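Got the viewer open? Here is a short tour, stop by stop, with something to select at each one.

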Amino acid sequence: MPGPRAKGKSGRPKPRTASGASASIPQGAYTIPDGFFTDIDNAGTWRLIVDVLCDYLALPDLETRSGLKKVHAHFPEISKKLDTVYAAAQKKGDKRLMGGIVGVWAKMCADAILRDKLFQEGLLSKVMPLVEYDETRHMALNALSVVTHHGGLVARREIARKNPQLVRLMQTHQDDAKVLELATVTMAHATSAVLGNEDPPDSGLVKEIQVRSVLKTAVDNVRKPIASHYMIDHAFGLLTSATRHCPQDCKATPGMLTLLVSCLRSENLITRCSALGGLIRYTANDSEPDRQNFDPHKLIAAVQRRFPDHLADLLADYGFERCDTTLTLKSTAEYQRAMMRCAQDHDLCALGRTLASLIQRTEFSIAEGMFQADGPGGRRETIDIGLPFTMWTDALPHCARALRARGTPADLDMADVLDLKFYIIRSRIPDAIAHGQRAIERNPDLAYAYYAISMGADHEQGLRAVKKGLKCKNITPFVRHYLLWRAVEHAGDLGVSTLQEARGEGADHAEGIAFLMSAWEDAKTFTAEAPPDNRHMQTILNWYIILTIAIKGPELSEDLKELAPARRKLDISEQFMRTIGFAIKKTQMRLARELILDLYPRAVKEWGAFIKRFDELDARSDKQQPLSSTQADDDLAAWLDKMKLEDGSEEHMHPHSCSHPKISMNNVALYRCSWCGNPSAVLRKCGGCGKTRYCDGPCQKKHWPEHKVECKKA
């Protein structure tokens with residue numbers, strides 16, 4: 001479409017140039033030229049009104065970056081012109097001219113600095129009155145949707161304060177599809193700026209934006225036959241943004257939670273995963289951390305009482321010697337014998353080798369203890385037997401030094417394992433991570449070092465570590481199962497957070513899906529390999545059930561019969577934990593899984609037909625133009641959408657670009673390392689064939705023996 005000053009625009013009034021005032025940017029107050037209002041009245045559409053304004057006011061071309069740079073250079077003068085015309089139009093009651101000026105301001109808001117300046121000068125107070133007039137309502141709402149799409153946090157939060165006015169507008173004009181769409185889009189972007197962060201929002205602001213009323217309006221409106229795909233898509237985003245910090249408002253909104261659960265049956269994978277993220281965040285405030293203190297006495301008592309027959313049969317089927325309960329008890333006894341032996345021979349190297357083996361065998365192999373003897377009165381007292389440590393866990397660094405003095409590769413590996421375990425026991429996780437990174441520089445095949453690195457809060461670093469650790473050759477079953485557990489949690493959390501923060505670019509969504517697929521695959525592997533009494537089995541099964549629902553979507557039956565085996569396995573795992581003496585924690589994933597399974601049947605019944613309609617709209621959305629009620633809206637929307645680049649090409653900036661893209665599962669593989677399977681958006685392509693992708697040089701080097709034949713052919 002031609003720009004504001006393009007030639008040959010049919011039906012366009014020829015502007016009159018007043019002497020002096022409109023020919024150049026004035027230094028003082030702007031004088032409105034003769035005939036100005038007549039030309040505005042003769043303009044047929046909003047686009048023509050804006051064209052006339054740009055010509056009369058001698059504005060730079062707002063469709064180019066160079067034009068916006070000129071606006072920066074002359075902002076005070078241009079702002080004065082626009083304010084003068086707006087005030088004159090307001091005085092005359094010329095709503096069309098006021099709307100045209102708002103259109104120009106909205107276009108300028110594509111530039112963040114100009115947007116902030118305009119907001120400081122009261123832009124919002126000039127836009128909001130226009131939503132009340134029939135002639136300018138769509139124009140003003142279109143401007144708000146553009147501003148909230150491009151706007152920063154400050155601008156969006158200011159617009160969020162207008163939620164009550166927008167809700168009233170939607171209630172008054174509930175049969176106007178364009179009002180419902182643009183108001184929903186505006187509230188979605190604005191409200192997410194208040195609620196969409198991890199940090200708690202300002203309570204006063206939350207009260208002011210009337211979250212409960214906004215949520216109810218969104219849920220009510222998506223049901224309407226006139227609701228567009230674009231509106232529904234943004235309504236979903238609005239609902240999911242509120243779950244973290246306003247769970248009570250979500251719970252009090254009829255149909256909201258069942259709507260989000262029903263989204264898990266959508267054909268659109270992004271819709272399913274975004275709904276999943278909202279449901280997981282909803283449970284955050286009621287959850288508790290999964291911290292367990294190991295008590296060997298409870299474990300011994302459980303074994304002495306004997307497991308119930310059906311649990312004992314499961315242990316026997318898996319192999320008693322391979323089960324965690326057996327390994328833990330045997331390791332505890334062997335640990336005590338090793339300490340007694342060291343008390344006699346003072347051989348720290350022998351003790352260190354035994355401890356390194358036990359550490360890699362089971363999680364609770366090293367417990368606190370001391371050398372004691374009966375003292376006066378029969379009381380137990382700590383005794384000095386000539387060793388450089390008193391408390392047993394303090395033996396770890398001493399044994400590590402003794403092994404390191406030997407200097408063989410095997411001794412150095414065991415020394416690193418001892419040091420890492422010591423840091424972990426002392427809760428010195430940053431030291432454990434740093435030491436683990438030094439250890440893999442020496443020996444990249446030391447699986448326990450990746451175990452330590454994965455304990456950090458950095459999900460990306462942790463996931464990268466566990467994926468590399470799982471490829472180590474000499475990995476013990478315990479370390480492998482631990483790394484799989486961490487892989488599921490790291491990738492699952494990354495997937496949910498990436499999808500929550502993803503904008504309109506498909507790459508962000510594809511990366512998020514790759515994380516979730518990685519978590520799902522590792523969860524399947526864990527549940528197939530790990531012993532039935534593994535304490536992380538519940539956590540992994542919670543993830544597996546939730547991810548299966550999100551990834552499979554409508555492929556699952558409405559009664560979720562496909563998940564019956566996983567649900568039985570989860571029940572068995574809980575029975576094992578109660579028998580052993582571990583508390584069943586209300587973790588975030590447990591609560592999310594319970595919520596989804598509890599609401600799923602009702603969600604299918606209540607929203608099933610709606611989800612089918614949404615999927616039909618979604619299938620046609622790429623071919624459909626955004627909803628517009630008049631050609632005038634189309635013209636202005638197209639102008640607001642377009643930004644010319646300096647090379648003559650066009651960049652589209654319209655908020656419709658922020659709706660969910662379509663993601664093919666085939667593309668997800670592009671975000672996985674060809675060697676270790678680590679999901680990432682910054683993988684490096686093979687320089688030879690350009691087909692395989694790697695985390696780094698070491699991954700590429702390890703994959704080369706398998707890849708070289710294919711690479712050389714390419």
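Start by selecting Cys676, which sits in the loop between α33 (665-668) and β5 (684-685). Keep in mind that this is a predicted model. Is Cys676 buried or exposed? Cys676 is buried, because its relative accessible area is 8%, and the cut-off for buried is under 20%.

Now show what surrounds that cysteine. Once you ignore neighbours within four places in sequence, Cys676 is in contact with Lys467, Lys468, Lys471, Cys695 and Cys699. While you're there, pick Gln700 too: Gln700 is 24 residues from Cys676 along the chain, and their C-alpha atoms are separated by 9.6 Å.

Next stop: a pair of helices. Select residues 137-150 for α8 and residues 177-195 for α11. Their axes come within 9 Å and cross at roughly 25°. Angles under 35 degrees count as roughly parallel, so that is the label for α8 and α11. The crossing of these two, α8 and α11, is left-handed.

Turn on side chains for the contact. From α8, show Arg137, His138, Leu141, Asn142, Leu144, Ser145, Thr148 and His149; these meet Lys178, Val179, Leu182, Val185, Thr186, His189 and Ala190 in α11. How do the residues of the contact of α8 with α11 divide? Colour by residue type and you get six nonpolar, seven polar and two charged.

Then move to another helix pair, α10 (residues 163-172) and α13 (residues 211-222). Here the axes are 10 Å apart and the packing angle is about 30°. That angle makes α10 and α13 roughly parallel to each other. As for handedness, α10 passes α13 in a left-handed crossing.

For the side chains at this stop, select Asn163, Val167, Met170 and Gln171 in α10, which meet Ser213, Val214, Thr217 and Asn221 in α13. The residues of this contact split into three nonpolar and five polar, with no charged ones.

Finally, zoom out to the whole protein chain. Colour by secondary structure and you should find 34 helices and six strands. Switch to burial: of the 714 residues, 57% count as buried. Put a surface on, and the accessible area comes to about 31200 Å², with 50% of that belonging to carbon and sulfur atoms. If you like contact maps, draw one as the last step: among contacts between residues at least 6 apart in sequence, 69% join residues at least 24 apart.

Terms used:
Residues numbered from 1 in each chain as written. Predicted model: local features only at pLDDT ≥ 70, side-chain atom pairs only at ≥ 80, totals over all residues. Heavy atoms only, no water. Helix = DSSP H or I, 4+ residues; strand = E, 2+ residues; numbered from the N terminus. Buried < 20%, exposed > 50% of the residue type's maximum accessible area, 1.4 Å probe, protein only. Contact = heavy atoms within 4.5 Å. Axes fitted to C-alpha atoms, helices over the stretch in contact; angles between N-to-C directions. Parallel < 35°, antiparallel > 145°, perpendicular 65-115°, else oblique. Left-handed = near helix turned anticlockwise from the far one by under 90°. Nonpolar A, V, L, I, M, F, W, Y, C, P; charged D, E, K, R; others polar. Areas by Shrake-Rupley, 256 points an atom, 1.4 Å probe, with all protein chains shown as cover.
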